[in-house]
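Hi,

Here is the structure I said I would pass on. Have a look at it first, and my notes on what turned up are just below.

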Amino acid sequence: MAGRSDSEARSAKLRKVYAALVAGPASVADRRIEAAFAAIPRETFAGPAPWTILTPAPRRLRQRGPVYVRTPDDDPAFLYQDVLIALDAERGIHIGQPSLHALCLDALAPQPGETALQVGTGSGYYTALLAHLVGPTGQVHAYEIDPDLAARATANLTPWPWVQVCARSGVSDLLPAADAIYVNAGAARPARAWLGALRPGGRLLFPLQSGQGRGGMLLLQCPSSGSAWPARFVSFAIFIPLRDMPQEDAPALATAFGRGDLLAVRSFRLAGPRDTSCWYDGGDWWLSTREP
């Protein structure tokens, strides 16, 4: 019993430093996010040790594919770093980089009492952070199409009864009304179901990317009226593609990202003629450098 108590105390101490590193004042504005990272044990969602960690080796990644390191034991210190933990290395499914998710959650700004949707739940780690942020007066609907991962997430998230794990597609039309939607898989366009589920003032954050190419986390806010939405990119990002949404080659999207001027985007538009402010034309939608 003493050993378990000591282990939990050590994990809590590690989490406090880890939270400050990935979500401290230099990274995010909302102090609740740092508290959430400090409160939620990552080992619950990583599964039994030894764990497989993706190395930060971008040059080798391009040449040989992902490079992983196996931890020698179950010391939780290995988890409390700004690293990706493999859930299925062969398929490239991970618990994503904490500092990126801290930045994204700060931008999405889930508030107590809100309803949040997450698409691509994995084993549920960032779902737990969402649940912490909306609190027991809120709701989280977590979508995971992989049945094994959905089962893991369901078990892992039992301490948060206001979370409902849905073992199905997160791009179908049957989505509940939401204040915040957080997508953790890449798509070359926003799903119409996501746009339709947002309440006025609701936020959608998803990785806009072409196939396996580099993309960016795009934040949209649903207006109370009109077809022009406030929009901005939060960061560059590369996510595993959504399995349940057709992947578009969209070379023009890759070209747009290649220009490196993501910060110029100001609005997402569903109507109106394209003009010189068009940053990217998605066919039935476009991104503009004009304010909405």
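**What I found**

One thing before the details: this is a predicted model. I started with a helix pair, where α5 passes α6 in a right-handed crossing. Their axes come within 12 Å and cross at roughly 35 degrees; α5 covers residues 98-108 and α6 covers residues 125-134. On the α5 side the residues that meet α6 are P98, H101, L105 and L108, and their counterparts on α6 are Y126, L129, L130 and L133. By type, the residues of that contact come out as seven nonpolar, one polar and no charged.

Is α5 itself enclosed or open? Eight of its eleven residues are buried, so α5 is largely enclosed by the rest of the structure. The buried ones are P98, L100, H101, A102, C104, L105, A107 and L108.

H101 is worth a click. This histidine lies in helix α5 and has a relative accessibility of 3%, so it counts as buried, the cut-off being under 20%. If you skip its neighbours within four places in sequence, H101 is in contact with G96, Y126, Y182, N184 and F239.

Just past the end of α5 comes A109, in the loop between α5 and β5 (115-119). Most residues other than glycine have a negative phi. A109 has a positive one, near 55 degrees. At 25% relative accessibility, A109 counts as partly exposed.

Now for the cores. Nonpolar side chains tend to be buried together in soluble globular proteins. Here the largest nonpolar core has 51 residues, and F37 and Y125 are the ones with the most contacts inside it. Helix α6 gives the most to this core, contributing eight residues. Setting aside residues within four places in sequence, the contacts of Y125 are Y18, F37, I40, R42, F45 and I95. Apart from this core lies another one, of 40 residues, with A178, A185, W194 and L218 among them.

Another residue to look up is Q209. You will find Q209 in the loop between β9 (198-208) and β10 (215-221). Buried or exposed, given that it sits at 0% relative accessibility? Q209 counts as buried, because the cut-off is under 20%. Beyond four places in sequence, Q209 touches G186, A187, A188, R214, G215, A237, I238, F239, L253 and F257. F239 is in that list, and F239 is also one of the contacts of H101.

Two more items on the backbone and the cysteines. Most peptide bonds are trans. The one from A49 to P50, though, is cis, with omega near 5 degrees. P50 has its place in the loop between α3 (43-46) and β1 (52-54).

As for disulfides, how many does a search of the whole structure find? The count is zero. The cysteines I looked at vary in accessibility: C166 is buried, with a relative accessible area of 11%, whereas C278 is partly exposed, at 25%. C104, in α5, is among the buried residues of that helix.

If you only have a few minutes, I would start with the contact of α5 with α6, then go to Y125 in the largest nonpolar core, and finish on the cis bond from A49 to P50.

Cheers

Methods
Residues are numbered from 1 along each chain as its sequence is written. This is a predicted model: local features need pLDDT of at least 70, side-chain atom pairs count only at pLDDT 80 or more; totals for chains, interfaces and linings use all residues. Side-chain values use heavy atoms; hydrogens and water are left out. A nonpolar core is a set of buried Ala, Val, Leu, Ile, Met, Phe, Trp, Tyr and Cys residues joined through side-chain atoms within 4.5 Å. Buried means under 20% relative accessible area, exposed over 50%, partly exposed in between (1.4 Å probe, protein chains only). Helices (H or I, at least four residues) and strands (E, at least two) are DSSP runs, numbered from the N terminus. Contact means heavy atoms within 4.5 Å. Axes are lines fitted to C-alpha atoms, for helices over the stretch in contact, and angles run from 0 to 180 degrees between N-to-C directions. A crossing is left-handed if the near helix is turned anticlockwise from the far one by less than a right angle, and right-handed if clockwise. Ala, Val, Leu, Ile, Met, Phe, Trp, Tyr, Cys and Pro count as nonpolar, Asp, Glu, Lys and Arg as charged, and the others, Gly among them, as polar. A disulfide is a pair of cysteine sulfur atoms within 2.5 Å.
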